[in-house]
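Work through the exercises below with the sequence and the model at hand. Each task is followed by a solution in steps.

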Amino acid sequence: MADNSGTIDRFMKAWNSLDLDAVMDHFTEDASYANVPMGPPNVGKAAIRAFIEGFLSDTTEINFIVHQQVEGSDGVVMNERTDVLVMDGKRVELPVMGVFEFRDGKISAWRDYFDMAGFA
């Protein structure tokens, strides 16, 4: 059985290091990434990279703090976490629920659920 939870642990560390290339190495070429309250998913590695680059352009610090993480018998990983971000000099703490699907050891779909009010 794949160690998808371990993959997500490494993925979270890549985010915390602001290492875009390491973040992108975790996706399949045709992956989808959705910040559910923000609209439709970004589909394909190029679209995901462009979205993340835009997000990181205003972000100087990230700390994804995972509180709970489970891996189902189908290999799907879900985690409850707090994303602590410093964006435009402002600190944001955002409670998030993430769902990760896999293919061949890489993330093929990622959905994050959160309340947009956290950015207000």
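**Exercise 1: the nonpolar core**

The largest nonpolar core has 28 residues, and those with the most contacts inside it are Phe-11, Trp-15, Phe-27, Ile-52 and Phe-100. The model is predicted: local features need pLDDT of at least 70, side-chain atom pairs count only at pLDDT 80 or more, and totals for chains, interfaces and linings use all residues. Residues are numbered from 1 along each chain as its sequence is written, and side-chain values use heavy atoms, with hydrogens and water left out.

Task: find which elements give two or more residues to this core, and what Phe-11 touches.

Solution.
- Step 1. A nonpolar core is a set of buried Ala, Val, Leu, Ile, Met, Phe, Trp, Tyr and Cys residues joined through side-chain atoms within 4.5 Å. Buried means under 20% relative accessible area, exposed over 50%, and partly exposed in between (1.4 Å probe, protein chains only).
- Step 2. The helices that give two or more residues are H1 (4-16), H2 (20-24) and H3 (45-57). The strands that do so are S1 (27-35), S3 (59-71), S4 (77-87), S5 (90-103) and S6 (106-113). Helices (H or I, at least four residues) and strands (E, at least two) are DSSP runs, numbered from the N terminus.
- Step 3. Leaving out residues up to four places away in sequence, Phe-11 touches Val-23, His-26, Phe-27, Phe-100, Ile-107 and Trp-110. Contact means heavy atoms within 4.5 Å.
- Step 4. In soluble globular proteins, nonpolar side chains tend to be buried together.

**Exercise 2: the sheet and its helices**

Task: give the order of the strands in the open sheet, then place H1 and H3 against it.

Solution.
- Step 1. The open sheet has 6 strands in the order S2-S1-S6-S5-S4-S3, with mixed pairing. Two strands pair if DSSP finds at least two bridges between them.
- Step 2. Strand S2 (42-43) and S3 are the edge strands, each pairing on one side only.
- Step 3. Over 7 bridges, S5 and S6 pair in the antiparallel sense. Phe-100 stands opposite Trp-110 in S6.
- Step 4. H1 lies across S1, S3, S4, S5 and S6, and runs at about 165° to S3. H3 packs on the sheet and touches S1, S2, S3 and S4, its direction making about 50° with that of S1. For these angles, axes are lines fitted to C-alpha atoms, for helices over the stretch in contact, and angles run from 0 to 180 degrees between N-to-C directions.

**Exercise 3: salt bridges**

Task: say how many salt bridges the structure holds, and which parts the pairs of Arg-49 and Lys-45 tie together.

Solution.
- Step 1. The structure holds 8 salt bridges. A salt bridge is a side-chain nitrogen of Lys or Arg within 4 Å of a carboxyl oxygen of Asp or Glu.
- Step 2. One of them joins Arg-49 and Asp-21, with the closest N and O atoms 2.8 Å apart. Arg-49 is in helix H3 and Asp-21 in helix H2, so the pair ties together parts that are 28 residues apart in sequence.
- Step 3. Arg-49, at 27% relative accessibility, is partly exposed, and so is Asp-21 at 47%.
- Step 4. Lys-45 forms a salt bridge with Glu-29, the closest N and O atoms being 3.7 Å apart. Lys-45 lies in helix H3 and Glu-29 in strand S1, so this pair ties together parts that are 16 residues apart in sequence.
- Step 5. Lys-45 counts as buried at 19% relative accessibility, whereas Glu-29 is exposed at 60%.
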